Each structure stands twice: as structure tokens, then as C-alpha cells.
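Student: I am new to this structure and would like a close look at a single part of it. Please take one connected path through the answer.

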Amino acid sequence: MREWQEATLRSIVSVAKDLVEGTDGERTRTEMMLLATVAHNDWLSLGGIEGDWSSHAIEHELSGKYADLPHGTGLAIVMPAWMKYVYKTHPERFAAFAHNVFSVIPTSDVTVDAYEGIKQVEAFLTTIGMPTSLQAANLAAEGFEEMAKNATLYGPIGDLEQLHDKDIIQILTLAQK
């Protein structure tokens, strides 16, 4: 199942680049709509391979504070920071993502490979015109404690790693620049 998840992400990256480059014919838009359907209807969770949605919970707090911030833009800000915060606990998983989604050439150090994958995510998001930091989105870096408290109102969030208030504050701090 993980291969299906990775193939979907590879396709999203490819099609998004085509859309940004102006190759937005009917086929390209149709592909993106199909990929969005696959990504959002739980097909990729079949077989018991769940995703970690903590970045979404953190983003909901961000777009709750900044009412004009679209969800996707908020995710472009939060996701790389979240990845930087949790990848060292699961470097093999992030390295596999880097190898299989962004074609990062494996080295002898999975931590290096994992971080290169995170850099590739940031580069991709920048290429399609998305900000990858609060600063790039012209948003004030404030209210982290309140956002963290709200995100964990019912307890820690995250499946890959359980995140508490202090963790979310660190992720939002990483998202500043």
C-alpha cells in the first residue's frame, strides 16, 4: 500500500508542475481532480496504512488565527516544519519517501536522505508558488502557545509521533523562516 501512496504523491508533484508551467489542458486538470479524489477519500489508507494528520490539526489553528489563509497554503507552511521536527525519530520512513517520491539517490545515511527529501518538498512547494514559512506568507509569528493548546485540547495529536503543546510550539517556531 505504501507504494500506492508514494505513486500518488509522485503523480501529484508531476501534474502540479505541469499546471504551474501552463500545461493545463483538460487532461492535466482531469488528472489532478482524480489524484485529489484518491488522496482525500481514504483509499490510500486501505490495508491499515494510516497517514499522520497532525500537520492538518496544526494548520487548522493557523488558518483559524489568519482567516484569509487557505488550508493548502497553511499546509505548505506547516508540513515542512512538521517533517523537520519528526523525521529524526523515523528517518527510514522519510528516506523512503525521499527516494520513492523525489528520486533522491540513496546514500549510506538515511538521516541525510530523509532531510534531502524534506528539502525537495520545500523546493517543490516553492516551485508551485506556495510559501513554506510564516515569513514568506507575510504572517506574524505569534500566538503559538494558544494554537498549541487548541490543537491538543483533547490530548496529544499525531500517529507517527505523539505531539504535545511544547512540540507544536517548536513546529510553529520552525515554520517562522
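Student: At its relative accessibility, does E116 count as buried, partly exposed or exposed, and what is that value?

Tutor: This is a predicted model, and what follows describes that model. E116 counts as partly exposed, because its relative accessibility is 26%, and buried means under 20% while exposed means over 50%.

E116 has a charged partner. Its side chain forms a salt bridge with K119, and the closest N and O atoms are 3.3 Å apart. Both residues lie in helix 6, 3 residues apart, which is about one turn of the helix. K119 is also partly exposed, with a relative accessible area of 40%. As a general point, side chains of opposite charge can pair when their charged atoms come close.

Helix 6 takes part in another salt bridge. E122 pairs with K84, with 2.9 Å between the closest N and O atoms. This pair links distant parts of the chain, since K84 is in helix 4 (residues 71-86) and E122 is in helix 6, 38 residues apart. The two ends fall in separate classes of accessibility: K84 counts as partly exposed at 22%, whereas E122 counts as buried at 17%. The cut-off between these classes is 20%, so K84 falls on one side of it and E122 on the other.

A further salt bridge involves the loop that follows helix 6. The side chains of K65 and E142 meet there at 3.7 Å, N to O. K65 lies in helix 3 (residues 54-65), while E142 lies in the loop between helix 6 (110-127) and helix 7 (144-151), so the pair ties together parts that are 77 residues apart in sequence. K65 is partly exposed, with a relative accessible area of 37%. E142 is partly exposed as well, at 44%. A search of the whole structure finds 5 salt bridges, and those described here are among them.

Not every charged side chain has such a partner. E59, which lies in helix 3, is buried yet has no salt bridge. The nearest side chain of opposite charge is K65, and it is 13 Å away. A salt bridge needs a nitrogen within 4 Å of a carboxyl oxygen. Leaving aside its neighbours within four places in sequence, E59 is in contact with L69, P70, H71, G74, L75 and V78.

Helix 6 also has residues that touch helix 5. F102 lies in helix 5 (residues 91-102) and counts as buried at 16% relative accessibility. Outside its neighbours within four places in sequence, F102 is in contact with residues including G117, Q120, V121 and F124. V13 and F97 are also among its contacts. By contrast, F102 and T152 are 32 Å apart in space, C-alpha to C-alpha, with their positions 50 residues apart in sequence.

Helix 4, which supplies K84, also holds V86. V86 counts as buried, with a relative accessibility of 0%. Its contacts, again leaving aside neighbours within four places in sequence, are F94, L160, E161 and L163. The C-alpha atoms of V86 and Q162 are separated by 9.8 Å, although these residues are 76 apart along the chain.

These parts belong to a chain built of helices. The protein chain has 8 helices and 0 strands, and read along the sequence its pattern is α-α-α-α-α-α-α-α. Among contacts between residues at least 6 apart in sequence, 61% join residues at least 24 apart. Of the 177 residues, 41% count as buried.

The overall dimensions can be set beside a simple rule. A compact globule of 177 residues would have a radius of gyration near 16 Å, and the protein chain has 16 Å, which agrees. Along its principal axes, the C-alpha trace spans about 45 × 40 × 30 Å. The chain exposes about 9700 Å², of which carbon and sulfur atoms supply 54%.

Charge can be described for the whole chain too. There are 13 positive and 25 negative side chains, and the centres of the two sets lie 4 Å apart. To return to the starting point, E116 is one of the partly exposed residues, and its salt bridge with K119 lies within helix 6.

Notes:
Residues numbered from 1 in each chain as written. Predicted model: local features only at pLDDT ≥ 70, side-chain atom pairs only at ≥ 80, totals over all residues. Heavy atoms only, no water. Helix = DSSP H or I, 4+ residues; strand = E, 2+ residues; numbered from the N terminus. Buried < 20%, exposed > 50% of the residue type's maximum accessible area, 1.4 Å probe, protein only. Rg over C-alpha atoms; globule rule 2.2 N^0.38 Å. Contact = heavy atoms within 4.5 Å. Areas by Shrake-Rupley, 256 points an atom, 1.4 Å probe, with all protein chains shown as cover. Lys, Arg positive; Asp, Glu negative; His and termini not counted. Charge placed at Lys NZ, Arg CZ, Asp CG, Glu CD.
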